Amino acid sequence: TDSARAAACQYYEHELNKADYILASLSSSLHRKIALVIILTRAGLDLDPTALKRLRITVPKLGLIPWVVEATVVAVMTRYLLDLPWVWGFLLGSVIAAVSPAVVVPCLFRLRAKGYGVAKGIPTLIIAVAGIDDAASVAVYGIVKSVMFSQDALWYQILQGPIAIIGGLGFGIMWGWLAKYVPEKGDPFLVPLRVLMLLGGGLLAIFGSEAIELGGAGPLAVVAAAFVSCYFWQQEGWEVDDNPVATSFEIFWMIFEPILFGVTGTQIKISELEGKTVYLGLACLVTGIVIRIVVTILVGIGSKLNLKEKVFIAFAWMSKATVQAALGPVTLDEVNKDDQQQVEYAETLLMMCVLSVLLTAPTGAIIISLGGPKLLTKTTAPVSPPEAWKTRRPSIRDISIINEDPDLEETADERKP
């Protein structure tokens, strides 16, 4: 009958719309996870083990103390201005406090190529702290999120933090050590296989940590694996500034960056935002940034940096983009859609992440580019990266599929019977 036919059409239309929604959710979630692996791997590969050893006291001090202060300020401000619960405030603060390598690294490479701040290792210091900030933000965010949405016993929720840290570092170190031997040194497809090792290991860590409900372990494992593998590859002759695997991930990020930011932006419904909420959110962000800048300058007292260099470093660390875009929408996927209060909190978190990107990413890039020549000391001989490709935007042509190192090729030939 006509009524039965109409009912069947309505049913199938409902099921198709439901399937489209599920596929769209899975697609956006997969994009975010891949983008997260790429940016965290880049952060780990940008960490110079030699420079970190030289700056082993300065980097944690200038990196973690301002990060903790900004995260706490944002949590307190959002508690009293936006009425977020304390746990949601600290979840938001852990994301907002992250520095964006996607903004900082390209600007600093250009300054370093011209010789600004090279004598005191300022570009290396800023890049190292950006990587540590990202690792801290993602790890703390994962731990807090796991505790918030966990149904386990209280004692296990308390232990989830230490377990996630130890497990993430353990898996990352093991995978980084494995990347030293797989593929073997003389393999003709050395570069692409090493790229696949880090990418596959990162995805395994992210999805695996979520499967065992230890979300904070995965991101920490990605950074640790990239750093440990970079340390071993450096001993084989691959410098931090001349690492083809790092170039590959930089190119991957160029592809996934617009996808990630586009997917994030579509989840903000501007027509549903209240002007008061946006203004109060901006007030929370600006307060956290200003206090972080002041704390960074104060923490730098006693170091070998002068006042101008400390001011430049403090302003360089205000840039936010990558972690906020990657993690902002994640909580919205986790909350119970039937609980309107939780959905509202998750949407507020996402709005704050988008506002932080819009406010600080262009401002930070402009300050670094224009302030570097005025605030940093220029060396007499500019220190350029070892290869010409670092002075221009990386291209897919920079990735060599076949290993062109003659020594490695000879070694591979000698092993053949």
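These are my notebook entries on what I looked up in this structure, which is a predicted model.

**Helix pair H3 and H11**

I began with helix H3, which covers residues 58–81, and helix H11, which covers residues 275–299, and I found that their axes lie 8 Å apart and that the two pack at an angle of about 155°. Since angles over 145 degrees count as roughly antiparallel, I entered H3 and H11 as roughly antiparallel to each other. For the handedness, I noted that H3 passes H11 in a right-handed crossing. I then looked at what kinds of residues make up the contact of H3 with H11, and the division came out as 16 nonpolar, 5 polar and 3 charged.

**Nonpolar cores**

Next I turned to the largest nonpolar core, which has 67 residues, and asked which of them touch the most other members. The answer I wrote down was Leu-36, Leu-45, Trp-88, Val-245 and Leu-327. Helix H15, residues 340–375, gives the largest share of this core, with 9 residues. I also recorded a second core, separate from that one, which has 29 residues and includes Val-59, Leu-62, Ile-122 and Leu-376.

I followed Leu-45 further and, leaving aside residues up to four places away in sequence, listed its contacts, among them Leu-198, Ala-226, Cys-230, Trp-233, Val-240 and Phe-249. Val-245, which I had already entered among the core residues that touch the most other members, is also one of the residues that Leu-45 touches. The list for Leu-45 includes Ser-229 and Asn-243 as well.

**Arg-42**

Arg-42 is found in helix H1, residues 2–45, and I checked whether this residue is buried or exposed. Its relative accessibility is 7%, and because buried means under 20%, Arg-42 counts as buried. Not counting residues up to four places away in sequence, I found that Arg-42 touches Val-105, Phe-249, Glu-250 and Trp-253. Phe-249 therefore appears in my entries twice, as a contact of Arg-42 and as a contact of Leu-45.

**Backbone entries in two loops**

In the loop between helix H7 (154–181) and helix H8 (190–211) I located Pro-183, and I noted that a cis peptide bond, with omega of about 0°, joins Val-182 to Pro-183.

The other loop I looked at runs between H3 and helix H4 (86–96), where Asp-83 is found. Asp-83 is not a glycine, and yet I read a positive phi of about 60° for it. I closed the entry with the accessibility of Asp-83, which is 54% in relative terms, so that this residue counts as exposed.

Definitions and conventions:
Residues numbered from 1 in each chain as written. Predicted model: local features only at pLDDT ≥ 70, side-chain atom pairs only at ≥ 80, totals over all residues. Heavy atoms only, no water. Axes fitted to C-alpha atoms, helices over the stretch in contact; angles between N-to-C directions. Helix = DSSP H or I, 4+ residues; strand = E, 2+ residues; numbered from the N terminus. Parallel < 35°, antiparallel > 145°, perpendicular 65-115°, else oblique. Left-handed = near helix turned anticlockwise from the far one by under 90°. Nonpolar A, V, L, I, M, F, W, Y, C, P; charged D, E, K, R; others polar. Buried < 20%, exposed > 50% of the residue type's maximum accessible area, 1.4 Å probe, protein only. Core = buried A, V, L, I, M, F, W, Y, C linked by side-chain atoms within 4.5 Å. Contact = heavy atoms within 4.5 Å.
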